[in-house]
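This report describes the fold, the charged pairs and the nonpolar cores of one protein chain. The structure is shown first, and the description follows.

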Amino acid sequence: MGKTSILIIDDNPSFREIFSTKLEAAGFSVASADDGESGIQKAMEIVPDLVLLDIEMPGMTGIQVISKMKADPRLERIKIVFLTNHGEVGENDAWLDKKFAGEIGAIGYIKKTDDLDKIVKEIKTILE
């Protein structure tokens, strides 16, 4: 079995670069796309184990991307985790983001502002 593959769909080039480097160093095979349209195309090409999906992007939003992916039989089983820029939510609000992510088909969300090692650990847990 090959490396676990991760697709990052995010419109921020420096974020994609930093994240890709960190995830590759952790042993993952990483591809990326800079918008929803190309992200869906890339997902169809490589059918990754996990998609890290930015919610807010110009053009197609993360929510539109996930609904298209979940509607496609080739992509519907891919695990999707939202990337969010939103500041630290209080513990009282955290359930809201998890509930929202779950309702639209994601298995959770990761804050881009979190420590990279913490994020890698979360991703490993999700993929287990």
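Helices (H or I, at least four residues) and strands (E, at least two) are taken here as DSSP runs, numbered from the N terminus. On that basis, the elements of the chain run β-α-β-α-β-α-β-α-β-α from the N terminus on, which comes to 5 helices and 5 strands. The model is a predicted one.

**Sheet**

The strands form an open sheet of 5 strands with parallel pairing, in the order S2-S1-S3-S4-S5. Strand S2 (29-33) and strand S5 (108-111) stand at the edges with a single partner strand each, so one side of each is left without a neighbour in the sheet. From one strand to the next, the twist averages 25°. Strand S1 (residues 5-9) and strand S3 (residues 50-54) run parallel and are joined by 4 bridges. Within this pair, Leu-7 stands opposite Val-51 in S3. Helix H3 (residues 62-70) packs on the sheet, where it touches S1, S3 and strand S4 (79-84). The direction of H3 makes about 175° with that of S4.

**Salt bridges**

Side chains of opposite charge can pair when their charged atoms come close. With a limit of 4 Å between a side-chain nitrogen of Lys or Arg and a carboxyl oxygen of Asp or Glu, the count comes to 5 salt bridges. Three of the pairs are listed below, including one that involves Arg-74.

| Acidic residue | Basic residue | Closest N to O distance |
|---|---|---|
| Asp-54 | Lys-112 | 3.5 Å |
| Asp-72 | Arg-74 | 2.9 Å |
| Asp-114 | Lys-118 | 3.4 Å |

Salt bridges that share partners join Asp-10, Asp-54 and Lys-112 into one network. Asp-54 lies in strand S3 and Lys-112 in the loop between S5 and helix H5 (116-127), so their salt bridge ties together parts that are 58 residues apart in sequence.

Which of these side chains count as buried? A residue is buried under 20% relative accessible area and exposed over 50%. Asp-54 therefore counts as buried, at 4% relative accessibility, and Lys-112 likewise counts as buried, at 13%. In the second pair, Asp-72 is buried, with a relative accessible area of 12%, whereas Arg-74 is exposed, at 57%. In the third, Asp-114 is buried, with a relative accessible area of 18%, while Lys-118 counts as partly exposed, at 43%.

**Nonpolar cores**

In soluble globular proteins, nonpolar side chains tend to be buried together. The largest nonpolar core of this model has 20 residues; Ile-9, Val-51, Leu-53, Val-65, Met-69 and Phe-82 have the most contacts inside it. At least two residues of this core come from each of S1, S2, helix H2 (36-46), S3, H3 and S4. H3 gives the most, with 3 residues. Leaving aside residues up to four places away in sequence, Met-69 touches Ile-40, Ala-43, Val-51, Leu-75, Glu-76, Ile-78 and Ile-80. There is also a second, separate core of 15 residues, which includes Ile-8, Leu-23, Leu-83 and Ile-110.

**Chain as a whole**

Of the 128 residues of the chain, 41% count as buried. Among contacts with a separation of 6 or more, 69% are accounted for by residues 24 or more positions apart. The chain exposes about 7,100 Å², of which carbon and sulfur atoms supply 52%.

Terms used. Residues numbered from 1 in each chain as written. Predicted model: local features only at pLDDT ≥ 70, side-chain atom pairs only at ≥ 80, totals over all residues. Heavy atoms only, no water. Pairing = 2+ DSSP bridges. Axes fitted to C-alpha atoms, helices over the stretch in contact; angles between N-to-C directions. Contact = heavy atoms within 4.5 Å. Buried < 20%, exposed > 50% of the residue type's maximum accessible area, 1.4 Å probe, protein only. Core = buried A, V, L, I, M, F, W, Y, C linked by side-chain atoms within 4.5 Å. Areas by Shrake-Rupley, 256 points an atom, 1.4 Å probe, with all protein chains shown as cover.
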